[in-house]
Structure formats: structure tokens, C-alpha cells
Amino acid sequence: MTDVDMRTPGALADAERWTAHNYHPLPVVIAEAEGAWVTDVDGRRYLDFLAGYSALNFGHRHPALIAAAHAQLDKLTLTSRAFVHDQFADFCRGLAELCGKDLVLPMNTGAEAVETGIKVARKWGYRVKGVPDGRAEIVVAANNFHGRTTTIVSFSTDPDARDDFGPYTPGFTIVDFGDLDALAAAVTDNTVAVLLEPIQGEAGVLVPPAGYFAGVRRLCDERNVLLIADEIQSGLGRTGKTFAIEHEGVVPDMYLLGKALGGGIVPVSAVAADRSVLGVLKPGEHGSTFGGNPLACAVGAEVVRLLATGEFQERSARLGARLHEGLSGLIGRGVHAVRGRGLWAGVDIDPALMTGREAVERLAHRGVLAKDTHGSTIRLAPPLVVTEEEIDHAVEQLRAIL
Ligand SMILES: *Cc1c(COP(=O)(O)O)cnc(C)c1O
């Protein structure tokens with residue numbers, strides 16, 4: 001195929017022309033996908049090692065998820081929560097049981113789950129803990145990523161995410177991730193919650209020091225503070241367990257879920273917590289037109305069934321060991337450090353060699369799609385259906401570009 005026959009350049013130019021430039025995508029125009037592989041408009045195939053930032057944990061178009069979506073499309077797609085539909089209870093019960101919590105509140109995007117968690121924690125603080133009205137504080141970690149709403153970017157420490165978007169929402173205290181003393185010092189009588197990612201994804205797949213979360217749990221218990229785990233990226237099998245915080249032997253008061261909960265088909269997010277927490281919300285106090293819609297519930301319920309088998313968690317643990325072993329072999333050969341758990345890795349490339357952006361461009365050229373985070377760090381997060389051979393292939397391509 002000659003350059004004139006290629007559809008990619010024109011498609012890239014069109015996309016660039018007609019959208020706000022709030023992303024800097026790799027120059028790949030995807031047209032089809034299955035499992036761990038995508039195909040572009042010119043027929044080139046790529047191994048997907050980003051998996052929609054973990055929204056595609058079960059791979060592209062997992063047959064069971066596609067079947068659930070098709071079946072539901074032929075019956076009922078939307079009712080709003082003004083009425084109850086026949087897919088709702090099944091999804092909520094399944095997810096609540098998966099989380100070991102009493103109740104579930106379904107929303108659509110991850111940011112909405114985070115916003116819901118913040119609202120619930122504040123109301124719990126006023127009505128249950130007895131914090132004076134308007135004084136609730138939530139402690140968060142530096143280098144967090146919890147989404148893009150005005151309130152959420154108010155407690156971001158990333159200038160790109162935050163600058164020029166004020167005035168900012170008050171009520172948040174920022175401490176270093178992994179520093180228990182700093183967290184203890186930041187908690188006051190008005191603190192209603194500690195909101196943390198069990199592993200900080202956007203920050204570069206940062207795993208906290210051993211014992212950190214156990215300490216956070218103890219502190220929250222002592223000070224009557226809710227522990228909110230943002231498992232939107234780290235959860236649902238990504239790290240080799242259903243939830244990343246399980247590795248720490250800790251149960252949070254609230255799980256925030258999203259991304260893979262929609263099976264890579266529809267946006268589905270949720271908050272899961274016990275009645276003593278989520279029960280503070282009364283009719284009319286919170287909601288979403290699309291939240292918990294029939295299509296979302298049908299797909300989400302199938303996601304829960306896939307996770308209930310434990311098969312994906314086991315794959316992630318087993319194949320993740322292989323991925324990390326392969327990547328560790330590159331340390332000192334163009335790689336400075338590798339972090340992560342299960343099928344999730346942050347790889348620090350030697351900045352003298354190339355930037356993270358250059359690394360992912362070269363990987364794309366070799367048929368592996370990944371994404372840089374900050375500076376010279378790239379993140380690898382293949383769908384959990386990836387095979388050993390595909391992992392070895394991706395590691396080999398990384399070795400080749402270094
Ligand atoms: C992606 C993400 C969010 C936000 O989810 P959206 O669906 O993009 O709104 C929140 N928290 C974490 C940890 C995420 O990775």
C-alpha cells in the first residue's frame with residue numbers, strides 16, 4: 001500500500017480539525033478490535049497494552065458481554081430512575097455481594113462515582129459523625145487522579161489538570177501518598193473521609209509502602225473517618241485480586257468503581273458501601289438520568305458474573321508475574337525502574353534515552369499500544385485476556401526500542 005492509499009493521515013487530520021485539543025492521541029486510527037488486539041483503518045494490527053486505561057479489562061468485545069448487551073438492546077435500554085426496571089436489582093445485588101457491602105449506587109462515569117463518594121461522605125459527616133455544617137474535610141493524596149470535574153480538579157496537584165479552572169472547591173487537605181504520619185497530622189475532628197487510590201495509576205503506577213493502608217485503616221477507625229478507595233482503575237481484577245486494596249488486607253468503607261465495570265461497552269460506575277453510610281441519602285438528594293440504566297445494568301451484571309469466577313483475577317496474577325519478570329530484565333538496559341501489581345506496570349525509561357512519549361510512539365510503530373504518564377514513565381495495562389506469548393512479544397518490542 002502506498003501513502004496515497006492510506007486512510008490514517010486523512011482520518012487524523014479530520015479528527016484534529018473538528019475537536020477541542022484536550023488530548024494528544026498517538027497517530028493510530030482504530031476501526032476494529034477483538035480481545036487484546038485492535039486493527040486500524042489501514043488494516044495494521046496492534047496489541048493493546050493500555051486497555052482503555054483499564055476500561056477493557058475483559059478485552060475488546062468479550063463474547064459474554066457483547067451477548068448481554070445485544071440481548072438487552074432488543075428489550076429495553078432506558079427508563080430513568082423514575083421507574084424500576086427488571087435488570088436493576090440483579091446488577092446491584094451482584095455488585096454489592098462482590099464488594100461485600102450492603103448497598104450500591106450506580107452512576108455512569110468514574111468522576112461521578114467520586115463526586116457521589118464525596119457527597120455521601122460529607123452528608124455522613126454532618127448527620128452521623130456530627131461535624132458542624134459546612135465544615136467537612138476530606139484528606140487526599142498528592143499526585144492523585146480522581147477525574148476531571150471542577151470539584152475533583154480542585155484537589156489535584158497536577159498543574160495541567162488544575163490551573164485556570166478555579167475558583168476551587170474548598171474542603172480538601174492534601175498529604176504525601178504513603179506517608180502515614182502526614183495523614184495522621186492532617187486528620188481533624190471535622191475530617192469525614194480519607195480518599196485514596198490503592199495504587200496511584202496516573203502518577204506512574206505507584207504502589208504504597210507495605211503496611212500503609214493497614215495504618216490508614218487503623219487511623220480511620222480511631223478517628224471515626226470513612227476510608228474511600230478509588231478502585232476505578234486499580235479494581236476489578238487489574239492487580240490480580242478483585243480490588244487492589246485486598247493486597248493490603250484492608251476493607252474500605254466505600255469502594256468507587258468505574259471503567260471495567262462497563263465491560264468496555266457502556267460507561268458504568270458505582271459506589272458500594274454499607275447501609276450505615278450510603279443509607280444517608282434520601283429521595284431527591286442525588287441522582288443521574290442514565291445512572292443504573294437497563295443496558296448498563298445488563299452489561300454490569302455480566303461483568304460481575306465474570307469476576308465472580310475468579311478466573312480473571314487469577315490470570316492477572318499469573319500473567320502479571322510474567323510481565324513483571326520480563327520488564328525487570330530490562331532494568332539497567334534502558335529501564336530505570338518497574339513498579340506495579342498484576343497486569344499493571346509503570347516503567348521508568350532512562351530519560352537520557354527518550355521521553356515516555358517517544359517510547360510509546362516507537363512501540364506503536366512496532367505494533368504495541370501503550371501510554372506515557374509523566375516524563376519518562378510509560379504504563380502497561382493489557383486486557384486480562386492477554387496471553388503469555390503476547391506479553392513476551394510486547395516486552396520484546398520494548399527491549400527493541402531501547
Ligand atoms: C479514570 C479514573 C477516574 C475518572 O473516571 P472517568 O470515567 O474518566 O470520569 C477516577 N479515578 C481514577 C483512579 C481513574 O483512573
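## Touring the two-domain contact

Start with the count between domain 1 and domain 2: there are 2 salt bridges. Keep in mind as you click around that this is a predicted model.

**Colour the domains.** Select 8-62 plus 311-401 and give that set one colour; this is domain 1 in the domain assignment. Then select 76-308 for domain 2. If you place a marker at the C-alpha centre of each domain, the two markers sit 26 Å apart.

**Show the contact.** Bring up the residues where the domains touch: domain 1 puts in 29 residues and domain 2 puts in 28. About 2,400 Å² is buried between the two domains, and carbon and sulfur atoms account for 58% of that area.

**Zoom in on three side chains.** Now pick Q313, R341 and W344 in domain 1. On that side, these are the residues that lose the most area to domain 2, and together they make up 34% of what domain 1 buries.

**Stay on R341 and add E248.** Show both as sticks and you'll find a salt bridge between R341 and E248. Put a distance label on the closest N and O atoms and look for 3.1 Å.

**Finish on helix α14.** Select 388-401, a helix of 14 residues. From first C-alpha to last, α14 reaches 20 Å, close to the 20 Å expected at 1.5 Å a residue. Next, highlight E390, I391, A394, V395, Q397, L398 and I401, the buried residues of α14. Which side of the helix do they take? Look down the axis: they cover an arc of only 155°, so they fall on the same side of α14.

Note on methods. Residues numbered from 1 in each chain as written. Predicted model: local features only at pLDDT ≥ 70, side-chain atom pairs only at ≥ 80, totals over all residues. Heavy atoms only, no water. Helix = DSSP H or I, 4+ residues; strand = E, 2+ residues; numbered from the N terminus. Expected span 1.5 Å × (residues − 1). Buried < 20%, exposed > 50% of the residue type's maximum accessible area, 1.4 Å probe, protein only. Arc of directions from axis to C-beta. Domains from an automatic or database assignment. Contact = heavy atoms within 4.5 Å. Buried area = accessible area lost by both parts, 1.4 Å probe. Salt bridge = Lys/Arg side-chain N within 4 Å of Asp/Glu carboxyl O.
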